[in-house]
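Me: Please give me a close look at a single helix in this model. After that, carry on to the parts around it and the other chain.

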Amino acid sequence: MIKLSATHLLYLVEAARWTILLSLLAFVGGSILGLPLAVMRVAKSRLVRVLATAYIQLIQGTPLLIVLFLSYFGLGILGYKLIPLVAAGLALTLYSAAFLGEIWRGCIEAVPKTQWEASDILGLNRFQQYAYVVLPQALRIAIPPTVGFMVQIVKNTSLASVIGFVELSRAGQIVNNSTFEPFVIFACVGAIYFVLCYPLSLAARTLEKRVHVGR
Amino acid sequence: MKRASFLRLVAGASAGLLAPGVAAHADTLDDIKKAGKIRVAIDLAIPPFGMSDDKMQPTGSDVDVARLLAKDLGVELEIVTTTGPTRIPMLQTSKADLVISTLSITPERAKVIDFSVPYADHPSVVAGLKGAPISKMSDLDGKKVAVVRGTTQDTDLTQQAKGAQLVRYEDDATMALAFASGQVDIIATARSLLPAISKKNPSRTLEPKITMQTFYLAIGLRKDEPKLLAWVNDWVRANLRNGKLAAIYKQYHGIDIPTEQLLKAGS
C-alpha cells in the first residue's frame, strides 16, 4: 500500500473546494427559490398555498440522494444531458429551497399579528408590509435555524459523489482506499468540514447581535 | 447494499418507463473515433483495480486496461469517476462509453447492458488467521465474518453460510482495519487483497481458507452497439493472447489470470 503523504492531504483540501462550491450553489439557489416559497405558504390565495405546500412536502419527503440521482441520471434518460455541476446545483437548489421555504414561513408567522394589523392601518400595501415591517423582523428570528440548515447543507453535499463529484467525503474515501489509513484520513476530513462550518456559526452570532441592536 | 439496490431500482424503473423517449443512437464506435476520446467509467476506490497513486493520479489494473484500450483504439482516455452503484446508470445515460470497473458478469446486469468477453477473473475467498480450522462453509457457523456491503461475497455468504454472523463494512479499507485491529478474525474478500490486508498487522496473517464463486470481469457497454462490442471483444481476445492483460493483472494483483479459461469462456 501507498504511504500517506502531504500530497494526499493536499488532495483533500482541493476536493474541499467542490464542497464549498456546491454549498454556495445550494445557499444561493435555495434562497432565491425559498423566499417566494415562504411567502407563497402564507399567501391569501388557497391555490397558491396548496401549490407551495405540495412542492415542499414532495421534496422534504424525498431523500436528497434520490433528488440528485434523478436530476442527473433521470433527466439524462429523458434526453437532457446536464453536466454534473448543473445537475448537482439543480438538485441542491430544489432541496434547500423546500427546507428554507418552510423555515422562513415559520419565521414570517412568528411575527406578531398586531404588526400586520398596525401596518394595515398605516395604509401599507402587501408588498410594503413585507418589505418594511414583517421581513425585517422575521429575519432576526430566521438567523439561527437558517444557519443550522446551511451547516447541514455543507455536510449533505457529500451526497453529490453519487453523480461523480469527488468532493471532500469521496476524496477521503479514495485516499483511504489507496493508503488504508482511515483514522488519519477521516480525522482530517472531519477537521476540514469543521473549518468550513464553524465560521458560518460564528458569522451567524455576529449577525444576530447586529440585528438585535434595536432591542 | 440497500441503498445501492434501491438506486438501481430507480434507475431501472425510470429506464423502463422512459426508454421509448431515448433517441436512436448513432454508432458509438464512430462517435468515439470522431471525438478522439473515449470515456471510461472507473471506480477509483476499489484497490487494486482502481485507486490513486502517491501523487493522487489514477492507477490500478482497471485503469491500465482502460489506458491500453484507448491507446490501441488510437484515442485519448477520459476517466469518468464513478461509484459501485452508479456504474450501470453511467452507461445507460451515455455519461460514459464503457465501464471497466470490476464489473462481474451477472444475469441481472446482462438484462440492461451488454458485456464484452471476460478480460479477467475475480476469485473471492473466505480467509482467516493462519492455522484456524476452517475448510468449509459450515465451519463458519456462529463465527463473525467480515464482508464489504453489497459485494458478490456478501450475497453469496448470506445464502451459503446461514449460520455465520456477517459483519458488513462500507469498503475494503474499513474491513481491513477491522481485521487488523482484531474486531474480526475471518473475512470474505477478493483473493488479490489478502497480502495488503495482512501487511497492516504482521502478527495477524491471513490465509485463504475457502474459495468462493469466481466471477468473470468484463467490459460493460450500452446495449445495441454491435460495432463497438465486436471491436472490444477482438481487443480483449488479442490482449489475452499476447499476454498484455495478464501482465497488468500480475503487476497489481500478484497473481496470474487463467488466460486459456478466459478465452474459452469468451469464445
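Reply: Helix α1 of chain A has a kink of about 30 degrees, centred on A:S31. The bend at a residue is the angle between two fitted axes, one over the seven residues ending there and one over the seven starting there. The model is a predicted one, in which local features need pLDDT of at least 70 and side-chain atom pairs count only at pLDDT 80 or more, while totals for chains, interfaces and linings use all residues. Residues are numbered from 1 along each chain as its sequence is written, and chains are lettered from A and ligands numbered from 1 in the order in which they are written.

The kinked helix α1(A) covers residues 6-41, 36 residues in total. From its first C-alpha to its last it reaches 50 Å, close to the 52 Å expected at 1.5 Å a residue; the expected span is 1.5 Å times one less than the number of residues. Chain A has eight helices and zero strands, where helices (H or I, at least four residues) and strands (E, at least two) are DSSP runs numbered from the N terminus. Along the principal axes, the C-alpha atoms of chain A fill a box of roughly 75 × 45 × 20 Å.

Helix α1(A) also takes part in the interface with chain B. There, 26 residues of chain A are in contact with 38 residues of chain B, contact meaning that the C-beta atoms, placed from the backbone, lie within 7 Å. On the chain A side, the elements that give two or more residues are α1, α3 (64-78) and α7 (168-179). Of these, α3(A) gives the most, with seven residues. By class, this side has 14 nonpolar, twelve polar and no charged residues. Ala, Val, Leu, Ile, Met, Phe, Trp, Tyr, Cys and Pro count here as nonpolar, Asp, Glu, Lys and Arg as charged, and the others, Gly among them, as polar.

On the other side of that interface, chain B is divided into domain 1 (7-14 + 24-119 + 218-265) and domain 2 (123-214), with bounds from an automatic or database domain assignment. Taken over C-alpha atoms, the centres of the two domains of chain B are separated by 27 Å. Their contact takes nine residues from domain 1 and seven residues from domain 2. The domain 1 side of it has five nonpolar, four polar and no charged residues.

One sheet of chain B is open and mixed, with five strands in the order β4-β1-β5-β12-β6. Its edge strands, β4 (76-82) and β6 (114-115), each pair on one side only; strands pair if DSSP finds at least two bridges between them. Strands β1(B) and β4(B) run parallel and are joined by seven bridges, and B:A41 has B:V80 as its bridge partner in β4(B). Helix α3 (residues 61-73) of chain B packs on this sheet, touching β1 and β4, at about 170 degrees to β1(B). Such angles run from 0 to 180 degrees between N-to-C directions, with axes as lines fitted to C-alpha atoms, for helices over the stretch in contact. The loop between β1 (37-43) and β2 (51-52) of chain B holds B:P48, and the peptide bond from B:P47 to B:P48 is cis, with omega near -10 degrees.

A further open sheet of chain B, also of mixed pairing, has five strands in the order β9-β8-β10-β7-β11. At its edges are β9 (165-169) and β11 (206-217), and its twist averages 25 degrees from one strand to the next. Strands β7 (residues 120-129) and β10 (residues 186-190) of chain B pair in the antiparallel sense over five bridges; B:S124 has B:A190 as its bridge partner. Helix α7 (residues 172-180) of chain B lies across β8 (144-148), β9 and β10, running at about 160 degrees to β8(B).

Notes:
Contact = placed C-beta atoms within 7 Å.
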